Amino acid sequence: MPNKEKETIEDLQYKGLKIIQNKTCFCFGMDAVLLADYVTLKRGDRVLDLCTGTGIVPILLSGREKARQIIGIELMKYVADMGTRSVALNGLSGKVSIIQGDVKQARKLTDGVFDVVTVNPPYEKKNEALQSPNRYLEAARHEVFVTFDEICQTAAQM
């Protein structure tokens, strides 16, 4: 497990929101910010973010104040914990939640269907590119635990 002493609190420069990150894990990039900006929300929507990491997309979406509920699902326990702590840090616990679990089990982990499903998936096939020995970076970048097809199937179900 990564050292919590290496965690930082980053100011997202948006509505006073902050996020906890650990540089020894995968940190969010511009693609997550663009994804959150691209999403169209209607008042009262329920949102599910698959492969949420530290919850960057749910936290940014919460700043738009339209969604009724935003849930992120993250497989890696430590990363999901950082997301949960970031949600609490921002006072969003009534609106945003991070669930630690496998996105392929999203039906069992959540209740009902969602109006919007987002995902910033691993973008490299397993064993097709240079893989990091860091399991957090590897899981974020490569289809180690879930494939793009499995993510699409889950998104369609939800």
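## Helix 1, the sheet and the cores: a quick tour

Let's start on the outside: helix 1 turns Met30, Leu34, Asp37 and Tyr38 outward, exposed residues on the face directed away from its buried side. Keep in mind as you look around that this is a predicted model. From that helix we can walk inward to the sheet, the nonpolar cores, a buried glutamate and the cysteines.

**Helix 1 and what covers it**

- Helix 1 spans residues 30-38, and its buried residues are Ala32, Leu35 and Ala36.
- These three lie on the same side of helix 1, because they cover an arc of only 95° around the axis.
- As a general reminder, an α-helix has 3.6 residues a turn, so residues three or four places apart point the same way.
- The cover over the buried residues of helix 1 includes helix 2 (56-62) and strand 6 (116-119).
- Valine 57 is in contact with Ala32, Leu35 and Ala36, and also with Asp49 and Thr118, leaving aside neighbours within four places in sequence.

**The sheet**

- Four strands form an open sheet in the order 5-4-3-6, with parallel pairing.
- Strand 5 and strand 6 are at the edges with a single partner strand each, so one side of each has no neighbour in the sheet.
- From one strand to the next, the twist averages 20°.
- Strand 3 (residues 46-50) pairs with strand 6 in the parallel sense over 4 bridges.
- Across that pairing, aspartate 49 stands opposite threonine 118 of strand 6.

**Nonpolar cores**

- The largest nonpolar core has 22 residues, and those touching the most other members are Leu12, Leu41, Val47, Ile56, Val57, Ile59 and Leu61.
- Helix 1, helix 2, helix 3 (77-89) and strand 5 (96-100) are the elements that give two or more residues to this core.
- Helix 2 gives the most to this core, with 5 residues.
- Another core, of 10 residues, lies apart from it and has Ile71, Ala106, Phe114 and Met158 among its members.

**A buried glutamate**

- Glutamate 74 belongs to strand 4 (residues 69-74).
- With a relative accessible area of 9%, glutamate 74 counts as buried because that value is under the 20% cut-off.
- Not counting residues up to four places away in sequence, glutamate 74 touches Cys51, Thr52, Gly53, Val79, Ala80, Ile99, Gln100 and Gly101.

**Cysteines**

- The count of disulfides comes to 0.
- Cysteine 25 is buried, at a relative accessible area of 3%, whereas cysteine 152 is partly exposed, at 34%.

Technical notes: Residues are numbered from 1 along each chain as its sequence is written. This is a predicted model: local features need pLDDT of at least 70, side-chain atom pairs count only at pLDDT 80 or more; totals for chains, interfaces and linings use all residues. Side-chain values use heavy atoms; hydrogens and water are left out. Buried means under 20% relative accessible area, exposed over 50%, partly exposed in between (1.4 Å probe, protein chains only). The arc is that of the directions from the helix axis to the C-beta atoms. Contact means heavy atoms within 4.5 Å. A nonpolar core is a set of buried Ala, Val, Leu, Ile, Met, Phe, Trp, Tyr and Cys residues joined through side-chain atoms within 4.5 Å. A disulfide is a pair of cysteine sulfur atoms within 2.5 Å. Two strands pair if DSSP finds at least two bridges between them. Axes are lines fitted to C-alpha atoms, for helices over the stretch in contact, and angles run from 0 to 180 degrees between N-to-C directions.
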